[in-house]
Amino acid sequence: MSTAIIGVGNIGGTVARHLIAGGESVIVAARDESQAKALADELGPNARAASVEDAITGADAVLLALWLDDLREVIPQQARRLDGKVVIDPSNPIAFDASGQMSRTLPDDQSAGSIVSALLPAGAHYVKAFGTLAADALAASANREPQRAALFYATDDATAATTAERLIRAAGFDPLKVGGVADTGRIEAPGGDLHQFGVNGEILDLEQARTALTGAKQPA
Ligand SMILES: NC(=O)c1ccc[n+]([C@@H]2O[C@H](COP(=O)([O-])OP(=O)(O)OC[C@H]3O[C@@H](n4cnc5c(N)ncnc54)[C@H](OP(=O)(O)O)[C@@H]3O)[C@@H](O)[C@H]2O)c1
């Protein structure tokens, strides 16, 4: 089982390091192949660099660690190769201006997950995961003790759920499903009540995550 990681920036690089530490094999790909090669060299024998096309073709699961605007370009280009793969989407509808001010790039009632899942071919197994913590928190929280940190995911697809749970565990976290594509907005930022930014920046353990998930749904 190999996971392709497309985009080796903050999220792609962090997840690649965690998966390698957890015994998984990864194929990393970047726009600039020398960046992917440098990461693969750092990660060791269970990692290799490839073109975006070859990485997707050679993997069972594909983490698209790209900004939403880039996903809108890359998914149509790679649609044929993504068919049949588990596709993991960490994207948030977020932008930063020159002063670092954050803004939302989609209407409040539209999630990045609804857009990304709709771009994929029918045979792809879509799951939203690995985007619920800020990248520095994701990097620092793997295999946390005494309680592992939880990572929420959302999917309507049983195959995608099984793979997401395996990869989240391998990365050093406890997985917790929030629902399907219709619920992806809850684990996106800004605005998602279960994203790290929606829980006052806290990094929840599994019990706290379960409470946040069910508690948030109870009537006031
Ligand atoms: N950063 C966070 O704290 C955080 C937290 C949660 C979720 N996310 C989400 O995760 C996604 C990635 O964020 P990030 O912070 O990791 O971004 P990033 O550090 O900017 O990395 C994105 C990477 O994608 C690469 N890329 C762009 N177009 C590509 C293409 N066509 N083929 C291959 N690689 C391409 C970029 O390469 P170039 O440098 O060559 O353009 C860059 O290395 C975003 O959707 C974001 O919303 C981010």
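Me: Is Gln35 buried, exposed or partly exposed?
Reply: This is a predicted model, in which local features need pLDDT of at least 70, side-chain atom pairs count only at pLDDT 80 or more, and totals for chains, interfaces and linings use all residues. Residues are numbered from 1 along each chain as its sequence is written, and side-chain values use heavy atoms, with hydrogens and water left out. Buried means under 20% relative accessible area, exposed over 50%, and partly exposed in between (1.4 Å probe, protein chains only). Because its relative accessibility is 45%, Gln35 counts as partly exposed.

Me: Which residues does Gln35 touch, not counting residues up to four places away in sequence?
Reply: Gln35 has its place in helix α2 (residues 33-43); helices (H or I, at least four residues) and strands (E, at least two) are DSSP runs, numbered from the N terminus. Contact means heavy atoms within 4.5 Å. Beyond four places in sequence, the residues that Gln35 touches are Val8 and Ala30.

Me: On which residue is the kink in α4 centred?
Reply: Helix α4 (residues 68-82) has 15 residues, yet its end C-alpha atoms are only 17 Å apart, short of the 21 Å of a straight helix. That expected span is 1.5 Å times one less than the number of residues. The bend at a residue is the angle between axes fitted to the seven residues ending there and the seven starting there. In α4 there is a kink of about 50°, and its centre is Pro76.

Me: Is Ser91 buried or exposed?
Reply: Ser91 is found in the loop between β5 and β6 (94-96). Residues in contact with Ser91 include Leu68 and Leu71, and these two are also among the buried residues of α4. Because its relative accessibility is 3%, Ser91 counts as buried.

Me: How long is the polar contact that joins the side chains of Ser91 and Asp89?
Reply: A polar contact is a pair of N or O atoms within 3.5 Å; within protein, one must be able to donate a hydrogen and the other to accept it, and residues adjacent in sequence count only if both atoms are side-chain atoms. For the side chains of Ser91 and Asp89, the value is 2.7 Å.

Me: What is the phi of Phe130, which is not a glycine?
Reply: Most residues other than glycine have a negative phi. Phe130 lies in the loop between β8 (125-128) and α6, and it counts as buried, with 3% relative accessibility. Although Phe130 is not a glycine, its phi is positive, at about 70°.
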